[in-house]
Structure formats: C-alpha cells, structure tokens
Amino acid sequence: QVQLVESGGGLVQPGGSLRLSCAASGRTSGILRIGWFRQAPGKERERVAAMTWTGELRSYSDPVKGRFAISADNAKNMVYLQMNSLKPEDTAVYFCAARRSIAGNYEFWGQGTQVTVSS
C-alpha cells in the first residue's frame with residue numbers, strides 16, 4: 001500500500017502563488033504515475049496535473065496550463081504542485097493521487113488540502 005499526505009494549502013490573494021506538497025510512504029517503489037486533482041464545492045473532482053513517478057509524460061488540464069507545474073523528488077518521496085497566478089476559480093480541495101499502472105484508475109489518495117483564492 002501507499003500512503004499520501006498533502007500539505008501547503010491555505011488562503012491566497014488572486015495573482016498569488018502556493019506550492020502544495022505530497023509526502024508518499026509505504027510501497028512507493030511500485031508507483032508509476034502520480035497526479036494532482038481538485039474538487040470545488042458542488043463540482044466533480046477533476047485532474048489538474050499528472051506525470052510518471054520519474055517526471056515524464058507531464059500533462060495539465062486546460063484551466064491550469066501555463067500556471068501550474070507538477071514535480072517530484074523521488075529521493076524524498078515527495079510530489080509538488082507549484083501554483084502561480086492563482087484565480088478565485090482555483091479554489092478547491094486539492095488531492096494527491098498515485099497508481100501502480102500507466103493507465104487506469106488512481107488507487108491511492110491523500111486526504112486533501114484546502115486552497116482558497118480570495119481577496
């Protein structure tokens with residue numbers, strides 16, 4: 001099993017930046033792909049960024065492309081989401097997720113961290 005714990009959320013003004021962190025533990029050697037998702041009140045959860053555990057095949061959703069960046073430090077078992085030029089519509093609970101296959105559903109999820117963009 002893999003355990004994921006997010007941190008770094010908070011309140012930020014529009015145009016500001018935040019960096020979310022996700023600490024992975026357990027059988028991390030089996031992870032092939034990692035992603036960041038978000039869920040706003042009343043909306044479905046959506047994927048915002050993903051990549052392989054080794055940093056390849058990065059992908060971003062259109063609303064965050066050019067503003068968010070996913071990265072990982074494999075030596076520390078950490079995953080990051082750098083969020084710049086934040087907008088009120090980025091307000092959501094952000095989740096880190098991992099899976100042991102290149103395709104398919106994400107198997108492991110963190111508990112989420114709240115990001116609120118407001119003046």
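Let me start with Arg 67, which at 11% relative accessibility counts as buried, and please keep in mind throughout that we are looking at a predicted model. What does Arg 67 pair with? Its partner is Asp 90, and the two form a salt bridge in which the closest N and O atoms are 2.8 Å apart. This pair links distant parts of the chain, since Arg 67 sits in the loop between β6 and β7, while Asp 90 sits in the loop between β8 and β9, 23 residues apart.

Asp 90 itself counts as buried, because its relative accessibility is 1%, under the 20% cut-off. Asp 90 also meets the side chain of Arg 38 in a salt bridge, at 2.9 Å from N to O. Here Arg 38 belongs to strand β4, residues 33-39, whereas Asp 90 is in the loop that runs between β8 and β9, so this salt bridge ties together parts that are 52 residues apart in sequence. Arg 38, with 5% relative accessibility, counts as buried.

If we now put these pairs together, we come to a network of salt bridges that links Arg 38, Glu 46, Arg 67 and Asp 90.

How many salt bridges does a search of the whole structure find? The search finds five, and one of them that I would like to show you joins Asp 62 and Lys 65, with 3.1 Å between the closest N and O atoms. Is Asp 62 buried or exposed? At 62% relative accessibility Asp 62 counts as exposed, whereas Asp 90, as we saw a moment ago, counts as buried at 1%.

Key
Residues are numbered from 1 along each chain as its sequence is written. This is a predicted model: local features need pLDDT of at least 70, side-chain atom pairs count only at pLDDT 80 or more; totals for chains, interfaces and linings use all residues. Side-chain values use heavy atoms; hydrogens and water are left out. A salt bridge is a side-chain nitrogen of Lys or Arg within 4 Å of a carboxyl oxygen of Asp or Glu. Helices (H or I, at least four residues) and strands (E, at least two) are DSSP runs, numbered from the N terminus. Buried means under 20% relative accessible area, exposed over 50%, partly exposed in between (1.4 Å probe, protein chains only).
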